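Student: Please give me a close look at the empty space inside this protein. I would like one connected explanation.

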Amino acid sequence: MPEVALGSKVMMMAATDFPEHGRNNPSSISRTPGGATRLKDKKSLDYVLRSGLAGGIAGCAAKTLIAPLDRVKILFQASNPQFVKYTGSWFGVVNAVKDIQRNEGAFGLYRGHSATLLRIFPYAAIKFVAYEQIRAVLIRSKEQESSFRRFTSGSLAGMTSVFFTYPLEVIRVRLAFETKRDHRSGLLNICRKIYKEGGYSTTSGSTLSHAPKPLTGLSNFYRGFFPTLLGMLPYAGVSFLTHDMVGDWLRSAKLAKYTTLSHPATPTGDQGYESRRKVPLKVWAELLAGGSAGLCSQTASYPLEVIRRRMQVGGAVGDGKFLRMRETARTIYTTSGIRGYFVGLSIGYVKIIPMTASAFFVYERCKLYLGI
């Protein structure tokens, strides 16, 4: 598929250690009398556009890398009837992949991936831009470089990005959830189905006189939005916090000669603490920082992710009724117990660690290539 090839080419390009910062983009930096480099103001439109492009490319490359695992994880999380028998073991993941290949062909592993790329480019672009901008506001000096401020910057960045791109996520999940060859829906058909789906929130003890209004139309594209926001607080916050902390540790004086590239020292100038560029890490070190971020963030947010997936496919399973967050959580606990909140976590680790590692790696390398 074209998008798979694109993602592979981006990863190959990013794997190359770029030459000294600014050599490819001399107009993006200026020189002080002493010869030190000085970066652009992070609040400038040029910086925002460049960092957004870097973030979008990083997100697409990372998602392309793990698209087959993402498809299987969605089928497990949403308890697709055809794949329930495969849950609970590593061999189940392998058998699920074989099942998809046998019934849908190799491209079946990338079912819904086009919608993924349409969503992930703006999502990742907004997330990284928002983090850079929010961080620049909250952290203005080395003394303010605290875990809380880093966590808050990441959380707010994640919430900002998901607010603008959530409907595309719902469409992507529904495309990935479908498995029957003779009942597949295209992008437009899926949108129509979601828009027309109706149902009442089912709360115990409710009566017709107090029954809520049916949830239809555009509100269907925001099914699971609230647990997504809640889940984004620990996920994005822990992700950026862990990446920054591990990165700082790898850049420490004792490890720097083994972990960093031979790039110029941090630029000087009057643009503030957050305009200072950190020394770039070597490939393995950057992947380690990103992978650690993925491991910690996935663990912190996974139960809310399971609830969100169940809510997103609510109209496609069972009686088609839309369950709210509390009702969905209760249903999961009633049918599967505590383990139900962690179904598919093993494949989640296998997916999220390389995805987050490659996303941060490609983003940092693209920033170098784009001169920021």
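**Inside the cavities**

Tutor: The lining of the second largest cavity is made up of 6 nonpolar, 3 polar and 5 charged residues. Now the terms. Ala, Val, Leu, Ile, Met, Phe, Trp, Tyr, Cys and Pro count as nonpolar; Asp, Glu, Lys and Arg count as charged; the others, Gly among them, count as polar. A cavity is a set of points, on a 1 Å grid over the protein atoms alone, where a 1.4 Å probe fits but cannot get out; lining residues have an atom within 4 Å of a point.

Be clear about the source. This is a predicted model: local features need pLDDT of at least 70, side-chain atom pairs count only at pLDDT 80 or more, and totals for chains, interfaces and linings use all residues. Residues are numbered from 1 along each chain as its sequence is written, and side-chain values use heavy atoms, with hydrogens and water left out.

Back to the second largest cavity. Its volume is about 90 Å³. A volume here is the space filled by probe spheres set on the grid points, which are joined across faces, edges and corners. The second largest cavity is lined by 14 residues, and Ala67, Asp70, Arg111, Thr116 and Arg172 are the closest to its centre. Three helices, α3 (67-77), α5 and α6, supply at least two lining residues each. The biggest contribution is that of α3, with 4 residues. Helices (H or I, at least four residues) and strands (E, at least two) are DSSP runs, numbered from the N terminus.

Now the wider setting. The structure holds 2 cavities of 30 Å³ or more. The volume of the largest cavity is about 530 Å³. Its lining has 33 residues, and those closest to the centre are Tyr123, Met232, Tyr235, Ile352 and Met355. At least two lining residues come from each of α2 (45-65), α5 (113-138), α6 (147-177), α8 (225-250), α10 (283-312) and α12 (345-369). The largest share is from α8, with 8 residues. By class, this lining holds 16 nonpolar, 7 polar and 10 charged residues.

Step back to the chain itself. It has 12 helices and 2 strands. From the N terminus, the order is α-β-β, followed by α elements to the end. Of its 372 residues, 52% are buried. Buried means under 20% relative accessible area, exposed means over 50%, and partly exposed lies in between, using a 1.4 Å probe and protein chains only. Take the contacts between residues at least 6 apart in sequence: 76% of them join residues at least 24 apart. A contact means heavy atoms within 4.5 Å.

Next, look along α6, which helps to line both cavities. Glu169 sits in this helix. Glu169 counts as buried because its relative accessible area is 4%. Beyond its neighbours within four places in sequence, Glu169 contacts Arg119, Arg308, Arg309 and Gln312. Val313 follows in the loop between α10 and α11 (325-336). With a relative accessible area of 1%, Val313 is buried too. Outside its own four-place neighbourhood, Val313 is in contact with Ala78, Val173, Arg174 and Phe177.

Move to α2. Arg50 lies in this helix. Its relative accessibility is 19%, so Arg50 counts as buried. The Arg50 side chain makes a polar contact with the side chain of Asp46 at 2.9 Å. A polar contact is a pair of N or O atoms within 3.5 Å; within protein, one must be able to donate a hydrogen and the other to accept it, and residues adjacent in sequence count only if both atoms are side-chain atoms.

Lys42 is in the loop between β2 (37-38) and α2. Lys42 is buried, at 10% relative accessible area. Its side chain makes a polar contact with the Glu132 side chain, at 2.8 Å. Glu132 also appears among the contacts of Lys367, along with Tyr47, Ala54 and Ile372, again leaving out residues up to four places away. Lys367 is part of α12. Lys367 counts as buried, with 12% relative accessibility. Lys367 and Ser51 are 316 residues apart in sequence, yet their C-alpha atoms are 6.7 Å apart.

Notes. 1 Å grid on protein atoms, 1.4 Å probe; cavity = no way out; pocket = protein on both sides within 12 Å on 5 of 7 lines; lining within 4 Å.
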